[in-house]
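Dear colleague,

Please find below the sequence and structure that I am passing on to you. My notes on how the chains meet follow directly after.

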Protein chains: 2
Amino acid sequence: MTKERLEKGLTQVYTGNGKGKTSAALGLALRAIGWGLKAHMIQFIKGGNFKHGELQIIKQLPDFETRAFGRGRYIKEQPPLEEDVKLAKEALRFARKIVNTGDYDIVILDEINVALHLKLIKTDEVIELIENKPRHVELILTGRYAPSEIIDAADLVTEMREVKHPYAQGILDRKGIEY
Amino acid sequence: MTKERLEKGLTQVYTGNGKGKTSAALGLALRAIGWGLKAHMIQFIKGGNFKHGELQIIKQLPDFETRAFGRGRYIKEQPPLEEDVKLAKEALRFARKIVNTGDYDIVILDEINVALHLKLIKTDEVIELIENKPRHVELILTGRYAPSEIIDAADLVTEMREVKHPYAQGILDRKGIEY
């Protein structure tokens, strides 16, 4: 397949309290690699021993790489633990490197909005990454609580709004669906 | 990999005017097959000669099948053309068959909400499909304009709300991203 670069890569944001943010980014990457583009997903906060189903299958796909930097648990402490700050900073450094090589057409910064909300990393640094990315790279930022500065800097923003959720049925976390 | 069925499959709906509905369904399927589940995506309205990137890669994936029944063009006529009604009815018949075999853990009915909105098929028939599906099957309905009866019948509903879109930049339909 002939590899065509995107003429202009945009910055997309998927935020909101509804389901489907990371899934939408994964689906986009799937579509892109279908046309011979290359994708990389860098996960903030997620990681540790917690295994997501998508990682099992991405390993088998051509042109789709991932790396997780978090501890895979919810972060509640304010101020955050030094360890969580360190990992998020490391993820951002790695993301900057991956974006700036220009080798990946689609770069997903998964849950980066949450890392910003928790002040693990600085909004200014992410804005700088967005503004200085190679022209053909499509950036996809996911996670609840996208700061308004990020929304301003992005080209395309979708809010996933929870209309209905089966909390009452006690269904929250099913292998194969929620992770 | 040992195949575990879902204990209880839900009905999920992704609707709204924002980007990411079909992508979210694709990402969910990717996650599910990562855990050894099987997925099938039945596309209403989409199809014809128009090729979506995701179809190129799904062909290469294990346990993920797709079939498209539409003509791959926007339908504006009201009342709709006989040909579009015929294809949508065929898609629904096929969907019923696939759901009821119970062989697929995740069944995506892509753009079915639009087919309902355009009155190509009847809401009652889709409600019946939802209510009589095998317990372990997860149904995922996508498309703008989900009728309120479908939202009532579903367990989990997410609205993708367009917050910002680069129409002004003249970017609407990029290979590798939008299709």
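Two residues are taken to be in contact if their C-beta atoms, placed from the backbone, lie within 7 Å. By that criterion, 48 residues of chain A are in contact with 48 residues of chain B. Please bear in mind that this is a predicted model.

On the side of chain A that touches chain B, α1 (21-34), α2 (53-58) and β6 (156-164) each supply at least two residues. The largest share, 12 residues, comes from α1(A). By character, the residues on this side of chain A comprise 23 nonpolar, 13 polar and 12 charged.

The helix α1(A) packs against helix α1 (residues 21-34) of chain B at an angle of about 90°, and their axes are 6 Å apart. Angles of 65 to 115 degrees count as roughly perpendicular, and α1(A) is therefore roughly perpendicular to α1(B). Among the residues that make this contact are A:Ala24, A:Leu28 and A:Arg31 of α1(A), together with B:Ala24, B:Leu28 and B:Arg31 of α1(B). The residues of the contact divide into 10 nonpolar, 6 polar and 2 charged.

The chains also meet through strands. β6(A) and strand β6 (residues 156-164) of chain B run antiparallel and are joined by 7 bridges. Within this pairing, A:Thr158 has B:Glu162 of β6(B) as its bridge partner.

As to confidence, the average pLDDT of chain A is 91, with 95% of the residues scoring at least 70. For the complex, the predictor gives an ipTM of 0.91 and a pTM of 0.93. Where pLDDT is low, the predicted coordinates should not be read in detail.

With kind regards

Conventions: Residues are numbered from 1 along each chain as its sequence is written. Chains are lettered from A and ligands numbered from 1 in the order in which they are written. This is a predicted model: local features need pLDDT of at least 70, side-chain atom pairs count only at pLDDT 80 or more; totals for chains, interfaces and linings use all residues. Helices (H or I, at least four residues) and strands (E, at least two) are DSSP runs, numbered from the N terminus. Ala, Val, Leu, Ile, Met, Phe, Trp, Tyr, Cys and Pro count as nonpolar, Asp, Glu, Lys and Arg as charged, and the others, Gly among them, as polar. Two strands pair if DSSP finds at least two bridges between them. pLDDT is the predictor's confidence in each residue, from 0 to 100. Axes are lines fitted to C-alpha atoms, for helices over the stretch in contact, and angles run from 0 to 180 degrees between N-to-C directions. Angles under 35 degrees count as roughly parallel, over 145 as roughly antiparallel, 65 to 115 as roughly perpendicular and the rest as oblique.
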